[in-house]
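The following exercises concern the chain shown below. Each task is followed by a solution that proceeds step by step.

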Amino acid sequence: TSIELLAKRIESIMQQAENGKIEENAQEIIKSLTLEIPIEELKTVIERLTTGIIEQQNNMIQTIEALQEDIKALEKDHLTGLYTRQRYEKDFEKFQKGFVEKNKWFSLGVIDIDNFKEINDTHGHIGWDQALKYIAEILKTKFWTQYVYRYGGEEFIVLYTGWKNKLYKWLGEVLDFLHQKN
């Protein structure tokens with residue numbers, strides 16, 4: 001076909017360019033590229049190329065969206081639904097940067113549940129999981145507008161954008177509540 005012939009001529013030109021003969025044969029090369037290719041054949045080739053490009057673009061968009069969903073899933077603890085330690089580390093950097101650049105204050109609360117191993121020893125892994133979910137629900141309810149993380153095991157962190165006194169008050173209420181249920 002005319003397209004294959006054009007492709008062969010372009011390949012020949014590329015070889016000539018590599019050999020340094022492109023300038024010598026410039027007029028001849030220009031003449032060789034002026035093929036009479038039927039418009040319908042060109043339209044078909046352009047449509048195929050366009051369709052292929054659009055399909056590749058759509059596939060890349062779907063891949064990017066899937067990766068973004070995977071990243072979001074990694075930022076949430078599968079058991080408690082709280083943010084993970086990795087997300088905490090990323091958010092903490094943002095909070096620090098906000099403090100340094102904009103003097104934007106924040107507070108940090110750490111909750112480490114004492115003697116939590118006893119729950120596991122007494123009630124097994126199911127009891128442990130239920131207790132962690134319960135504590136996570138309390139923290140999500142109390143700190144619903146803040147950042148709450150499961151840092152590890154039975155350790156939780158709250159990043160609070162308000163004044164520390166309010167954070168301390170809320171943490172005290174959560175701890176009092178947990179002691180009453182204990």
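Helices are DSSP runs of H or I with at least four residues, strands are runs of E with at least two, and both are numbered from the N terminus. The model is predicted.

**Exercise 1. Describe the secondary structure of the chain and place phenylalanine 99 in it.**

Solution.
- Step 1: The chain holds 6 helices and 3 strands.
- Step 2: Read from the N terminus, the elements follow the order α-α-α-α-β-α-β-β-α.
- Step 3: Phenylalanine 99 belongs to helix 4, which spans residues 85-102.

**Exercise 2. Determine the order and the pairing of the strands in the sheet.**

Solution.
- Step 1: Strand 1 and strand 3 run antiparallel and are joined by 6 bridges. In this pair, valine 110 has isoleucine 157 of strand 3 as its bridge partner.
- Step 2: Strand 2 is joined to strand 3 (residues 155-160) by 5 bridges, again in antiparallel fashion. Here valine 148 stands opposite valine 158.
- Step 3: The result is an open sheet of 3 strands in the order 1-3-2, with antiparallel pairing. Its edges are strand 1 (107-112) and strand 2 (147-152), each of which pairs on one side only. From one strand to the next, the twist averages 20°.
- Step 4: The link between strand 2 and strand 3 is a hairpin with 2 residues between the strands. In its turn, glycine 153 has a positive phi of about 35°.

**Exercise 3. Establish which strands helix 4 lies across, and how strand 3 is covered.**

Solution.
- Step 1: Helix 4 lies across strand 1, strand 2 and strand 3. Relative to strand 2, helix 4 runs at about 130°.
- Step 2: Strand 3 is mostly covered, as 5 of its 6 residues are buried.
- Step 3: For the chain as a whole, buried residues account for 23% of the 182 residues.

**Exercise 4. Analyse the salt bridges of aspartate 91 and lysine 94, and of glutamate 89 and arginine 85.**

Solution.
- Step 1: Between aspartate 91 and lysine 94, the closest N and O atoms of the salt bridge are 4.0 Å apart. The two residues are separated by about one helical turn, because they are 3 residues apart in helix 4.
- Step 2: Buried means under 20% relative accessible area, and exposed means over 50%. Aspartate 91, at 2%, is therefore buried, whereas lysine 94, at 53%, is exposed.
- Step 3: Both residues also belong to a salt-bridge network that links Glu75, Arg87, Lys90, Asp91 and Lys94.
- Step 4: Glutamate 89 and arginine 85 form a salt bridge at 3.6 Å, N to O. They lie 4 residues apart in helix 4, about one turn of the helix. Glutamate 89 is partly exposed at 39%, and arginine 85 is partly exposed at 36%.

**Exercise 5. Which residues form a nonpolar patch on the surface, and how is phenylalanine 99 classed by accessibility?**

Solution.
- Step 1: The nonpolar patch consists of Phe99, Val100 and Trp105, which together have about 340 Å² of accessible area.
- Step 2: A patch residue must have over 30% relative accessible area and no salt bridge. Phenylalanine 99 has a relative accessibility of 32% and so counts as partly exposed.
- Step 3: The accessible surface of the chain amounts to about 13700 Å², and 54% of it belongs to carbon and sulfur atoms.

Terms used
Residues numbered from 1 in each chain as written. Predicted model: local features only at pLDDT ≥ 70, side-chain atom pairs only at ≥ 80, totals over all residues. Heavy atoms only, no water. Patch = residues over 30% accessible without salt bridge, like charges linked within 9 Å, V, L, I, M, F, W, Y side chains within 5 Å. Areas by Shrake-Rupley, 256 points an atom, 1.4 Å probe, with all protein chains shown as cover. Salt bridge = Lys/Arg side-chain N within 4 Å of Asp/Glu carboxyl O. Buried < 20%, exposed > 50% of the residue type's maximum accessible area, 1.4 Å probe, protein only. Pairing = 2+ DSSP bridges. Axes fitted to C-alpha atoms, helices over the stretch in contact; angles between N-to-C directions. Contact = heavy atoms within 4.5 Å.
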